[in-house]
Every structure is written in structure tokens, then in C-alpha cells.
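Colleague: I'd like to walk through this model with you before I set anything up. Can you take my questions one at a time?

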Amino acid sequence: MFPAMRVKIVGLDPHQQYYIAMDIVPVDNKRYRYVYHSSKWMVAGNADSPVPPRVYIHPDSLASGDTWMRQVVSFDKLKLTNNELDDQGHIILHSMHKYQPRVHVIRKDFSSDLSPTKPVPSGEGVKTFSFPETVFTTVTAYQNQQITRLKIDRNPFAKGFRDSGRNRTGLEAIMETYAFWRPPVRTLTFEDFTNMQKQQAQPSVSTHGSYHRPPMLKAS
């Protein structure tokens, strides 16, 4: 998935063990198409049949709260596919549909049902975060050439498309301005899981700037 989603987590019990996982859920029951003359996405009908659930378990799991809080958690190795027969563990999505990534912080003692092929378990030891700005529409090919070039130049999985020996002019020179581009890091902030039942505190989400809003939480 490009750009990769990256988050910063704080407020965990440093000595407790946690899994970090991500799933991607449909935003609605619609299929979309892109109208080029108006540069807009339009509803094109009902969504395709739901695909089997897939969960991406971060490869650094299982780790202590202290370990998670000392690093930026990146999902740069998460892979997507529209192949419903995929057996490689990729997250299966329909093309031309809208989706929402969700980040799950799962305490070890609530992880017995955690599986790449099962819905994320629920309980007080599981917290789910989603960010409205990460909603995206799946495509199999980009029509915007600048986005195509950006992905070829900056996506680590697109190295085969690069030609380091040619002169970089015109559009490619413009794309050089993205040389150190990275997606923004989101911060997940919430009370220690060990104190949640006593304090009944609601989690909050903030960026490194002045922007602040409560998270979108799901009970499941």
C-alpha cells in the first residue's frame, strides 16, 4: 500500500505485551468510477460482494509497550490485492471501491483469537483507531502521470521501473521535489490499559502539530 500509513503510539503500559494490527474495511456499499472531464469520483452502482476478511499483523508483534512507544510504527510492508484467490496473506480489496484502514492495539491476553483470516477480537484490551483522512479509493492503474512517476520514484516495491542512467528533466525534475517526502505520522494517545477500567478515560488522537480531534472508535 503506497503511501504507507505510519503512526506513533503513546500511553501504553511499558511492561505489558501488545500486538499491533491493521484491517481495511469498506466505507459504504457503492462502486465508483472516475469522471475525467470533471475530475470527480461518481457512484457507478452497488458494491461487489464482500471479500473474506484479512488482518495484517505488524511483523514486530509481539512487543512490549515500551518498544512500541519508542518507534514509529510503519505499515510499509502491507500488501493489497484484488485477487480473491490470493494465498499469500495479502489484504483483498475490490477495485474502484472506497475503504478505511483501521489500526488495532491488542493486549496480549486478548489476542487468543487474533488471526490474519479472522475479524479482530473485541474486548477492553483492544482499541481501534481510524482517521478520516486515510479513506481511499482502490485502483489498478493511475491515470495521473505525476502520481505514476511519484510511485515509481519513491515506492520501494517499484524499483524495477526505474532507470537511473537517463537524464531527469521536465516532469521528472518536478518529482525530485518529493525526494524526502514521507506520509505524516499520526499519534495514538490513550490511557494505560491497566488503568482504563478505573479511569474510564476516552482515547484521543493528535498529530505533532496543533491539530487535535477525538478518534473514531469501534466496539469490535
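What follows is a back-and-forth about the fold, the core, the strands and a few local details.

Colleague: Let's start broad. How many helices and strands are in the protein?

Modeller: Keep in mind that this is a predicted model. Buried residues make up 38% of the 220 residues. As for the elements, the count is four helices and 15 strands.

Colleague: And among contacts between residues at least 6 apart in sequence, what percentage join residues at least 24 apart?

Modeller: This one covers contacts in the protein as a whole, starting from a separation of at least 6 in sequence. Of those, the share joining residues at least 24 apart is 71%.

Colleague: On to the largest nonpolar core. Which strand gives the most to it?

Modeller: That core has 22 residues, and Val7, Ile20 and Phe75 have the most contacts inside it. Strand 1 (6-10), strand 2 (17-26), helix 1 (65-69) and strand 10 (98-107) each put in at least two residues. With four residues, the top contributor is strand 2.

Colleague: Is there another core, and how many residues does that second one have?

Modeller: There is a second core, separate from the 22-residue one. Its members include Ala21, Val55, Val120 and Val126. Its residue count is six.

Colleague: Back to Ile20. Which residues of the 103-105 stretch does Ile20 touch?

Modeller: Leaving out residues up to four places away in sequence, Ile20 touches, among others, Ile9, Tyr56, Ile57, Trp68, Val73 and Phe75. His58 and Ser61 are on the list too. From the stretch you asked about, the names are Val103, His104 and Val105.

Colleague: How many bridges link strand 2 and strand 10?

Modeller: Those two strands pair in the antiparallel sense. One bridge in the pairing puts Asp23 with Arg102 of strand 10. The number of bridges between the two strands is nine.

Colleague: Strand 2 pairs with strand 5 as well. Which residue of strand 5 is the bridge partner of Met22?

Modeller: Strand 5 covers residues 56-57 and runs antiparallel to strand 2, over two bridges. Met22's bridge partner there is Tyr56.

Colleague: And in strand 6, what stands opposite Gln17?

Modeller: Strand 6 spans residues 63-64, and strand 2 pairs with it in the antiparallel sense over two bridges. Opposite Gln17 in that strand is Ser64.

Colleague: Now aromatics. Is the pair of Tyr56 and Phe75 stacked or edge-to-face?

Modeller: Both residues are buried. Tyr56 lies in strand 5 and Phe75 in the loop between strand 7 (72-74) and strand 8 (80-81), so the pair ties together parts 19 residues apart in sequence. The ring centres are 6.2 Å apart and the planes sit at 65 degrees; the cut-off is over 60, so the pair is edge-to-face.

Colleague: Which residue joins Tyr34 and Tyr36 in an aromatic cluster?

Modeller: The whole structure has four aromatic pairs. In one of them, Tyr34 and Tyr36 meet edge-to-face, 5.1 Å centre to centre with 75 degrees between the planes. The cluster holds those two plus Trp41.

Colleague: Is His97 buried or exposed?

Modeller: His97 lies in the loop between strand 9 (91-92) and strand 10. Its contacts include Lys30, Arg31, Ala47, Asp48 and Phe136, and a polar side-chain atom of His97 lies 2.8 Å from the backbone oxygen of Ser95. Relative accessibility is 4%, and the cut-off is under 20%, so His97 counts as buried.

Colleague: Any backbone geometry I should look at? Take Met96: what is its phi?

Modeller: Met96 is in the loop between strand 9 and strand 10, and at 19% relative accessibility it counts as buried. Its phi is positive although the residue isn't glycine, with a value near 65 degrees.

Colleague: Last one. Which residue follows Ser61 across the cis peptide bond?

Modeller: The bond starting at Ser61 has omega near 0 degrees, so to speak the cis form. The residue on the other side is found in the loop between strand 5 and strand 6. That residue is Leu62.

Note on methods: Residues are numbered from 1 along each chain as its sequence is written. This is a predicted model: local features need pLDDT of at least 70, side-chain atom pairs count only at pLDDT 80 or more; totals for chains, interfaces and linings use all residues. Side-chain values use heavy atoms; hydrogens and water are left out. A nonpolar core is a set of buried Ala, Val, Leu, Ile, Met, Phe, Trp, Tyr and Cys residues joined through side-chain atoms within 4.5 Å. Buried means under 20% relative accessible area, exposed over 50%, partly exposed in between (1.4 Å probe, protein chains only). Contact means heavy atoms within 4.5 Å. Two strands pair if DSSP finds at least two bridges between them. A polar contact is a pair of N or O atoms within 3.5 Å; within protein, one must be able to donate a hydrogen and the other to accept it, and residues adjacent in sequence count only if both atoms are side-chain atoms. Rings of Phe, Tyr and Trp (its six-membered ring) pair if their centres lie within 6.5 Å; planes under 30 degrees apart count as stacked, over 60 as edge-to-face and the rest as tilted.
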